[in-house]
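Reader: Take me through this structure, please. I want the reasoning behind the labels.

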Amino acid sequence: MDSDQAPRLASFPEMNPNPVLEVDINGKIIYANPAATAFLEGAGLSDPTAYLPGDIVEILRRVAQGERGVVLREVALGERVFLESISLNPYYQTARIYCAEITQRKKAELQLQQSLERLRGLRMISRAMLEARSPAEIVRIGLEHLVNLAQCQQAAVLLVQSGSLTAQAHRYHAQQGFSSLAEFALQTEDFEHLQVLSQDGMILHENIHLQDETLAAHWMVWAEGTQTALELPLIAHGELMGVLHLTKSEADPFPADAMEFAVEAADHLAAALYNARLLEQAQHYASGLEHSVAERTRQLQDALAFRQAILEAAAIGILVYDQDGQCLMANQTAANIVGASLEQLLAQNYHQLDSWKRSSMYAAALEAVRTFTIQERDLHVITTFGRDVWLRCRFSPFDSNGQFHLLLIIEDITGQMQKQAEIEALNQRLQAQAVRLEQANQELEAFSYSVSHDLRAPLRSLDGFSQALLTRYADQLDEQGRHYLERIRVGAQRMGELINDLLDLSRVGRSEMRRQPVDLSALARQIATELQASEPQHEAVFEIQDDLIVEGDAHLLGLALTNLLENAWKFSRSRRSASIKIGKYQQGKETVFFVQDNGVGFDMTYVNKLFSPFQRLHGMHEFPGTGIGLATVKRILQRHGGRIWAEAKPDQGAAFHFVIGGENE
Amino acid sequence: MSKEPLQQNHAALVKRPRAILLVEDNPDDEELTLMALKDSRLLNPIVVAHDGVDALDYLFGQGVYATQGAAPLPAVILLDLKLPRLSGLEVLERLRADPRTALIPVVVLTSSSEEEDILNSYRRGANSFVRKPVIFDRFADAVRQLGLYWLLLNELPMDDATRG
């Protein structure tokens with residue numbers, strides 16, 4: 001080695017920008033280059049032993065034992081980290097230390113390490129949270145990991161229920177572990193705060209004094225002694241799920257990477273909470289769905305049972321056939337009507353039923369199927385099971401779920417038909433009777449006509465020729481002979497009167513009623529005048545009340561009044577001062593009319609015979625008459641819906657009272 | 001009754017007062033009517049037809065009367081309703097339907113007093129409706145009054161006018 005070279009060589013370590021040091025076997029620094037000194041000073045240190053790694057004694061022992069070689073050590077000097085290449089030099093009993101600064105590399109390594117750890121942490125959080133079943137469990141797992149990974153004293157979550165004014169808090173304290181706070185109401189300022197938080201994304205509180213009463217209520221989640229707090233909103237899908245609080249007891253700000261991690265963790269937490277909520281809702285829906293399916297099924301079963309009950313309770317038979325004519329359904333009533341069991345009915349195919357073909361039910365069914373219209377028939381059927389019934393059948397074709405069906409409704413109308421038949425028979429009998437009545441009427445009319453026409457003619461002959469004999473052959477007849485002829489004439493004339501009265505009576509029954517106002521007073525005056533004219537020698541005083549106006553048939557009432565007045569006239573003929581009164585009085589709601597005379601009267605014992613035809617209470621020679629007059633009067637009043645009665649005493653006059661009657665004939 | 005007396009009566013009618021035509025199938029009534037007419041001292045000849053067909057044949061100169069032609073119009077026809085072959089109402093209808101006989105006074109003289117008969121008679125153009133009373137005195141009185149009224153009081157249109 002040159003002597004010139006020694007200083008040159010010696011200048012290498014001196015010039016080296018990296019620290020170079022030599023330490024003797026006792027651990028004493030025997031050389032430190034200027035760079036080593038400068039770094040030492042830069043780190044605020046003075047003792048160069050700071051460069052020595054922790055196991056320097058062991059390394060020097062190996063030097064002392066004569067070991068050669070190089071060992072590598074990392075040594076931190078203040079904030080700087082050096083990779084030291086320690087060369088063992090047993091020849092000089094020293095170790096030479098060549099330092100290369102790896103501060104930046106170490107930092108990057110550390111950061112990478114931390115990132116990895118946090119990523120692992122996040123993955124753990126995510127996985128744990130995914131496996132969690134409830135938001136509380138998610139929060140617990142998430143908070144526990146966060147406290148560890150974000151290096152804080154406590155992590156807490158304030159869960160906000162959407163649509164609710166309350167919140168719930170869970171927290172994990174590094175020393176005290178997990179705890180939950182009771183649900184509490186949020187105040188207006190809390191909502192304002194949450195809104196600000198949502199907008200800003202994060203709020204960092206420093207230099208906190210928890211005694212400060214101005215703090216919002218929800219910050220009570222912070223642990224005692226908290227000085228620094230990081231507040232992060234838990235937002236997923238635009239929805240605020242809650243707030244994450246990371247707190248520290250020292251006034252130490254959160255490092256940027258910790259904050260980043262916290263933000264990311266908050267996102268995961270929010271997502272997990274959101275999912276949990278979705279899951280909860282889904283489960284809720286699912287259970288709700290399950291419940292409503294069960295409810296719907298029960299309702300359907302109820303409805304089916306209800307319908308079945310209606311079917312069974314219906315008084316009509318209901319049957320359903322498929323497109324092949326096979327019976328699909330029938331109710332008990334249908335079975336009862338045809339006299340079968342339900343099983344027998346359900347086994348039937350109407351294409352094979354003789355009873356249908358015989359009763360033309362089959363034709364009606366085919367018609368309904370062919371035209372797809374409702375067919376209704378009343379049919380007499382002898383069923384397959386031997387019942388003989390009348391059925392009201394209604395064939396209704398319909399489609400259900402694309403399948404053709406034929407609905408048949410049957411009603412047993414046998415009773416109805418029997419009644420109808422009875423009514424018809426009755427009607428026929430009535431009609432026959434009406435025809436017979438009509439015939440009888442016609443016969444009566446013919447008879448009346450004959451009576452009026454043919455019976456009078458011979459009477460006229462009797463009377464006429466007797467008269468001719470009396471006038472033309474008077475000289476050839478003695479007194480006795482003339483008397484006989486007179487008797488013949490009287491007989492003929494009396495028979496003529498009888499015929500007339502009989503005709504009047506028969507006309508009362510036959511003639512058509514024409515109701516109109518009738519002035520009985522005027523009628524009575526007219527009849528009285530006629531009577532007085534016919535027999536002027538009979539002095540009778542008529543007292544006729546005015547305004548005897550009634551509603552009735554003028555002709556018939558005239559006939560009745562004539563008969564009554566003629567009677568009064570006739571039976572008062574013996575009186576010197578005969579008095580005949582016609583008037584009315586009120587009896588209850590009825591107006592009663594009367595014809596009263598002061599004539600011979602009659603014995604009330606026979607009053608019931610008075611109004612029957614041909615009944616007479618007086619001798620013919622005494623009071624001639626046919627005995628038909630009062631019967632006619634009674635009939636006339638009956639046709640008006642009225643009635644007549646009499647009051648009399650022998651030799652003390654008679655009074656006939658009558659009511660005209662209402663609307664009835 | 002044979003047609004003999006009728007034809008004789010008819011032959012005797014010429015140039016005499018107008019006849020009365022009595023349409024009556026009942027011989028008793030015929031005789032009584034004739035008796036009553038005679039008693040009322042009317043000079044008019046009386047022609048009797050015994051049923052509706054007979055009456056129309058006589059008036060229109062047809063049937064058994066075909067050879068002698070249409071009869072001079074009677075002053076009045078006394079018409080019974082109940083007649084064999086053609087009823088009184090039918091006769092009335094035919095009379096009123098034919099211009100030759102449409103104006104001849106017709107008195108329905110019948111035993112019936114049915115409202116229907118009265119109405120139907122007037123509807124078909126009867127001039128009067130008289131019921132034959134059973135009592136002969138009244139019957140005779142009615143016939144007498146009829147004769148007086150229709151033969152003496154009543155004015156008829158000229159024979160030519162009615163014959164058209």
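What follows is a short exchange on how the labels are earned.

Author: Keep in mind that this is a predicted model.

Reader: Why are β1(B) and β2(B) called paired?

Author: Pairing takes at least two bridges. Strand β1 (residues 20-23) and β2 of chain B have four bridges, so they pair, in the parallel sense. B:Leu21 stands opposite B:Val47 in β2(B).

Reader: What makes the crossover from β1(B) to β2(B) right-handed or left-handed?

Author: The test is the path over the helix, with the strands pointing away from the viewer; clockwise is right-handed. From β1(B) the chain passes through helix α2 (residues 27-39) to β2(B), and this β-α-β crossover is right-handed. The path therefore runs clockwise in that view.

Reader: How do you know that β1(A) and β2(A) pair?

Author: Three bridges join β1 (residues 20-24) of chain A to β2(A). The cut-off is at least two, so they pair. They run antiparallel, and A:Leu21 has A:Ala32 as its bridge partner in β2(A).

Reader: Why are β2 and β3 of chain A called edge strands?

Author: The open sheet of chain A has the order β2-β1-β5-β4-β3. β2 (29-32) and β3 (69-77) each pair on one side only.

Reader: What makes the largest nonpolar core a core?

Author: Its 42 residues count as a core because they are buried, nonpolar and joined through side-chain atoms within 4.5 Å. A:Leu520, A:Leu565 and A:Phe656 touch the most other members. The largest share, nine residues, comes from α16(A).

Key: Residues numbered from 1 in each chain as written. Chains lettered and ligands numbered in written order. Predicted model: local features only at pLDDT ≥ 70, side-chain atom pairs only at ≥ 80, totals over all residues. Heavy atoms only, no water. Buried < 20%, exposed > 50% of the residue type's maximum accessible area, 1.4 Å probe, protein only.
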